[in-house]
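This report describes how the parts of one protein chain are held together. The sequence and structure come first, and the description follows.

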Amino acid sequence: MRGRLGLWVAVVLAVSACGSQHPSEPPVPSTSVSTPYAVPESAQYNYRWSADPGIDLFTPEATAVRAYVESYYLIVRALATSAGYPGFTKAVDEGLRVDYANPDSPGKSEFVGTQFQHLLWMNPTEHGWLATVCTGDYSVMRVDQDRKYYNVGSTDVHAETVEIRAPDVAGAVRNDSLPAEGRERAPEIDVFRGWRLVDHVKSARNQDAFRQCRSRMPDPPENRPAKRNLPHDAPYPTLAPYPGWPRYDEN
C-alpha cells in the first residue's frame with residue numbers, strides 16, 4: 001500500500017512539473033471603446049445657418065450657440081438626451097434639460113428636410129453672450145407610416161433667446177482656432193469648449209425679433225405651409241448643412 005501511495009505522489013508531482021513548464025496565457029485586460037457620436041437615424045434633416053451683417057458664425061461663442069440649438073432640436077425629436085452633440089451634458093445643466101423629451105409620446109418619428117437657423121442678434125453680457133435666434137422649421141417634414149410628409153412648422157418663424165456663459169479661463173479647454181465649418185452633419189468632438197448654457201427662452205425676450213425673423217428665411221411667407229401638419233406627397237429638399245462641421249482628425 002505504501003509503495004502504491006509513493007508511486008501516486010510521484011505521478012502527481014511529475015504532472016505538476018510538466019504543467020509549470022507551459023504556463024497559461026495571461027488574462028486579456030478589458031478595454032472600453034468609446035462610441036463616436038452619430039446623428040440619430042430618425043433625424044435625416046440638416047441645419048443651414050445664416051447671420052445678420054456683423055455677426056461671425058465661426059467665433060467660439062457663435063459656434064457654441066449653434067451646437068446648442070442643433071442639439072436641442074435633435075433631442076426633442078429623438079426623445080433622448082444622448083442625441084445632443086458631444087459635450088452637451090457638460091454645457092447644459094440637468095435642470096435646463098427637463099422638458100427636452102416627451103415621455104407620453106407614443107413613439108419616435110422620422111424627420112427629413114432642412115431646418116433654417118439665423119443669428120439675428122449677438123449681444124455681450126457681463127459673463128458671456130445673449131443670442132437671438134430665428135428658427136424656420138416649416139421645411140422640416142415628419143414622415144408617417146404611409147410615407148406621407150407633414151411639415152412640423154408653418155408660415156411663422158420662431159424667435160428664440162439663448163444665453164451662454166464664457167468658459168472659466170482657469171479650467172477651460174479653449175481654442176479659438178478650432179475649425180467650425182465642414183461637410184459633416186455633426187461634430188465628432190466637444191465643440192462647446194467650456195461654454196455653458198445659462199437660459200433658453202423659446203419665445204424671444206425682445207418681441208420685435210419675431211417681426212424681423214420673418215424676412216430672414218430663404219423662402220418667402222407665401223411659399224411656406226400656412227398650417228402645421230399639412231400632408232405632402234414629396235418632402236422639402238434636404239439641403240447640405242451649412243456651415244456644417246469638419247472632420248477634426250483632418251485638421
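## Links between distant parts

Asp52 and Arg216 form a salt bridge through their side chains, with N and O 2.9 Å apart. The model that shows this is a predicted one. Asp52 sits in the loop between strand 1 and helix 2, while Arg216 sits in the loop between helix 4 and strand 8 (231-232), so this pair ties together parts that are 164 residues apart in sequence. Asp52 has a relative accessibility of 14% and counts as buried, because buried means under 20%. Arg216, with a relative accessible area of 23%, is partly exposed.

In total, the structure holds nine salt bridges. Three of them are listed here.

| Salt bridge | N to O distance |
|---|---|
| Asp52 and Arg216 | 2.9 Å |
| Glu163 and Arg205 | 3.4 Å |
| Asp208 and Arg211 | 2.9 Å |

Glu163 and Arg205 form a salt bridge. Glu163 belongs to strand 6 and Arg205 to the loop between strand 7 (196-201) and helix 4, so the pair ties together parts that are 42 residues apart in sequence. Glu163 is buried at 18% relative accessibility, and Arg205 is partly exposed at 44%.

Asp208 and Arg211 are also joined by a salt bridge. Both residues are in helix 4, three residues apart, and about one helical turn separates them. Asp208 is partly exposed, with a relative accessibility of 30%. Salt bridges with shared partners also connect Glu163, Asp199 and Arg205 in one network.

## Strand 3 and the disulfide

Which strands pair with strand 3 (residues 128-136)? Strand 2 (residues 110-124) pairs with strand 3 in the antiparallel sense over eight bridges. In this pairing, Phe116 is opposite Gly136. A hairpin of three residues leads from strand 2 to strand 3. Strand 6 (residues 158-165) also pairs with strand 3, again in the antiparallel sense and over eight bridges. Here Gly128 has Arg165 of strand 6 as its bridge partner.

Eight of the nine residues in strand 3 are buried. One residue of this strand, Cys134, is buried at a relative accessible area of 0%.

How many disulfides are found in the whole structure? The search finds one. Cys134 and Cys213 form a disulfide, and their sulfur atoms are 2.0 Å apart. The angle about the S-S bond is -75 degrees, and the link is left-handed. Cys134 is part of strand 3 and Cys213 is part of helix 4 (residues 208-213), so the disulfide ties together parts that are 79 residues apart in sequence. Cys213 is also buried, at 0% relative accessibility.

## Nonpolar cores

In soluble globular proteins, nonpolar side chains tend to be buried together. The largest nonpolar core in this model has 39 residues. The residues with the most contacts inside this core are Tyr45, Tyr68, Leu74, Tyr85 and Leu119. Strand 1 (46-51), helix 2 (60-78), helix 3 (88-91), strand 2, strand 3 and strand 6 each supply at least two of the core residues. Helix 2 gives the largest share, eleven residues.

Beyond its neighbours within four places in sequence, Tyr45 is in contact with several residues, including Tyr73, Leu74, Phe111, Val140 and Thr238. A second, separate core has ten residues, among them Leu120, Cys134, Ala159 and Ala204. Cys134 therefore belongs both to this second core and to the disulfide with Cys213, which ties strand 3 to helix 4.

How values were computed. Residues are numbered from 1 along each chain as its sequence is written. This is a predicted model: local features need pLDDT of at least 70, side-chain atom pairs count only at pLDDT 80 or more; totals for chains, interfaces and linings use all residues. Side-chain values use heavy atoms; hydrogens and water are left out. Buried means under 20% relative accessible area, exposed over 50%, partly exposed in between (1.4 Å probe, protein chains only). Helices (H or I, at least four residues) and strands (E, at least two) are DSSP runs, numbered from the N terminus. Two strands pair if DSSP finds at least two bridges between them. A disulfide is a pair of cysteine sulfur atoms within 2.5 Å. A nonpolar core is a set of buried Ala, Val, Leu, Ile, Met, Phe, Trp, Tyr and Cys residues joined through side-chain atoms within 4.5 Å. Contact means heavy atoms within 4.5 Å. A salt bridge is a side-chain nitrogen of Lys or Arg within 4 Å of a carboxyl oxygen of Asp or Glu.
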